[in-house]
Amino acid sequence: AWWLFFSFLMFETLPYLQQLLLHQQQSSSAAASTLTAVALSSLPPSFAFRIPDFSPIIHSPLALGGILYTGLVTTALALWVESIAFKRVPATDASIILTTEPLFAAAAGAFYLGETFGLSDYAGATLIMGACALAVIMEQGEEVKECP
């Protein structure tokens with residue numbers, strides 16, 4: 001149970017660290033911090049009960065290829081490209097994009113896998129969309145106040 005708290009803490013502080021690093025134009029550091037957070041939060045639950053036997057994976061070229069592809073292309077490369085792209089957008093826009101990732105993941109699951117949603121899923125999606133709308137409205141209000 002302690003690793004759940006640790007994982008939650010890592011993923012909740014990660015966007016702030018990313019924004020700080022991206023503000024300083026350090027996209028490689030932002031991607032590295034994300035990968036480190038994912039790796040650190042994944043380790044405790046995987047070894048909580050016993051050390052797994054990795055020999056079938058090590059001896060399977062297909063499994064190793066899948067692990068390398070998943071780790072290098074769909075995780076590391078994607079995060080690196082994402083962090084470069086976020087250098088070019090305002091912090092509010094980057095936050096909104098990151099906040100809506102679960103919505104896009106859920107929509108993809110529904111479309112490709114036939115995933116169904118319950119009331120709590122719709123409530124969560126409504127809260128996310130409401131927070132994004134509020135952020136946009138507040139940003140527009142600040143822009144109006146700054147105009148002479």
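Helices are taken here as DSSP runs of H or I with at least four residues, numbered from the N terminus. On that basis the predicted model contains seven helices and zero strands in its protein chain, and the order read along the sequence is α-α-α-α-α-α-α. Of the 148 residues in the protein chain, 16% are buried.

Helix α4, which covers residues 61–86, comprises 26 residues, and the distance from its first C-alpha to its last is 35 Å, close to the 38 Å expected at 1.5 Å a residue. The helix nevertheless carries a kink of about 25°, which is centred on Tyr69. Buried positions in α4 include Ala76, Leu79, Ser83 and Phe86.

Helix α6 has 13 residues and should therefore span 18 Å at 1.5 Å a residue, a value with which the 17 Å between its end C-alpha atoms agrees. The residue Gly114 follows α6 and has a positive phi, near 70°.

The second largest pocket, with a volume of about 170 Å³, draws on both α6 (101–113) and α7 (119–146), each of which supplies at least two residues of its lining. The largest contribution to this lining is that of α7, which provides five residues. The full set of lining residues consists of Pro102, Leu103, Ala106, Ala107, Phe117, Asp121, Tyr122, Gly124, Ala125 and Ile128. Sorted by class, the lining of the second largest pocket comprises eight nonpolar residues, one polar residue and one charged residue; Gly counts as polar and Asp as charged, so the polar member of the lining is Gly124 and the charged member is Asp121.

Aromatic contacts were assessed from the separation of ring centres, with a limit of 6.5 Å, and the count comes to two aromatic pairs. In one of these pairs, the rings of Phe111 and Tyr112 lie 4.9 Å apart centre to centre with 85° between the planes, an edge-to-face arrangement. Both Phe111 and Tyr112 are exposed. The rings of Phe117 and Tyr122 likewise form a pair, with centres 6.0 Å apart and planes at 80°; because planes over 60 degrees apart count as edge-to-face, this pair is assigned to that class. Phe117 and Tyr122 also both appear in the lining of the second largest pocket. With a relative accessibility of 31%, Phe117 counts as partly exposed, since that class lies between the limits of 20% for buried and 50% for exposed.

A further position in helix α7 is Cys132, whose relative accessible area of 11% places it among the buried residues, because the buried class is defined by values under 20%. The C-alpha atom of Cys132 is separated by 8.7 Å from that of Ser95, although the two residues are 37 residues apart along the chain.

Note on methods. Residues are numbered from 1 along each chain as its sequence is written. This is a predicted model: local features need pLDDT of at least 70, side-chain atom pairs count only at pLDDT 80 or more; totals for chains, interfaces and linings use all residues. Side-chain values use heavy atoms; hydrogens and water are left out. Rings of Phe, Tyr and Trp (its six-membered ring) pair if their centres lie within 6.5 Å; planes under 30 degrees apart count as stacked, over 60 as edge-to-face and the rest as tilted. Buried means under 20% relative accessible area, exposed over 50%, partly exposed in between (1.4 Å probe, protein chains only). The expected span of a helix is 1.5 Å times one less than its number of residues. The bend at a residue is the angle between axes fitted to the seven residues ending there and the seven starting there. On a 1 Å grid over the protein atoms alone, a cavity is a set of points where a 1.4 Å probe fits but cannot get out, and a pocket is an open set with protein on both sides within 12 Å along at least five of seven lines; lining residues have an atom within 4 Å of a point. Grid points are joined across faces, edges and corners, and a volume is the space filled by probe spheres set on the points.
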